[in-house]
Amino acid sequence: MAASGPRPSEKTPTCQQVEKPKLRRVGRMWKRWRFDQVEEGRISRLVCADIADVSMKQCQQRYEDMKRRHDNKYTFKAELITADCSKELLVEKFHDPEMRFDICSCQFACHYSFESLEQADMMLRNACGRLNPGGYFIGTTPNSFELIRHLEASETESFGNEIYTVKFQKKESYPLFGCKYDFNLEGVVDVTEFLVYFPLITEMAKKYNIKLINIF
């Protein structure tokens, strides 16, 4: 999913009308980032947020290691925040509360906020509320239509194979918020996630002047 940020004009731009922003400042919520990937964009600042303090400490260590390797060469500034992005307002934790971004990226984490309306709205506020005009919010979430299709084709409340399983509480009842399922990937992850009805998140994003421009 890619979404464009607010524009100076009243008309919401189409995908073709959106000019690719210069990668000056990038915000990232929840997930890890390889610093060498963002460095190629010659950004000036990177802000990362994750609910796990250990992840942020590891991220800080990788950043310090990168700075030592580069010595006096170009290095972007990094701000690393431990926070639940679906319950806490990140701007209150910024060193500079007036800071704005060209891109916010949230990969395979948006769906955790759909436990409730309030949490989903806070996630979008954090992701989109400080975007520059023409900025992008790029997010990835499981395809709810495919999940339900596989569930309805199953004889039980679960589906999967020898590697993974997805288990719902029941069929034929899929609330917009709090529709949870358990996802297990053998030897890797065992977590509770929440279904995201995609037309809903695109409608909610309009509150922050964000328009969907592409789905991949």
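Visitor: How many residues apart are K57 and D53 in helix 2?
Guide: Helix 2 covers residues 53–70, where helices (H or I, at least four residues) are DSSP runs numbered from the N terminus. K57 and D53 both lie in helix 2, separated by about one helical turn, because their spacing is four residues.

Visitor: On what kind of model do these statements rest, and how are residues numbered?
Guide: The model is predicted, so local features need pLDDT of at least 70 and side-chain atom pairs count only at pLDDT 80 or more, while totals for chains, interfaces and linings use all residues. Side-chain values use heavy atoms, without hydrogens and water, and each chain, as its sequence is written, is numbered from 1.

Visitor: What is the distance between the closest N and O atoms of K57 and D53?
Guide: A salt bridge requires a side-chain nitrogen of Lys or Arg within 4 Å of a carboxyl oxygen of Asp or Glu. K57 and D53 form such a bridge, and their closest N and O atoms are apart by 3.1 Å.

Visitor: Is K57 buried or exposed?
Guide: Buried means under 20% relative accessible area, exposed over 50%, and partly exposed in between (1.4 Å probe, protein chains only). D53 has 37% and is partly exposed. K57 has a relative accessibility of 56% and therefore counts as exposed.

Visitor: Which residue meets E64 in a salt bridge?
Guide: The partner lies three residues from E64 in helix 2, about one helical turn away. E64 itself is partly exposed, at 25%. The N to O distance of the bridge is 3.6 Å, and the partner is K67.

Methods: Helix = DSSP H or I, 4+ residues; strand = E, 2+ residues; numbered from the N terminus.
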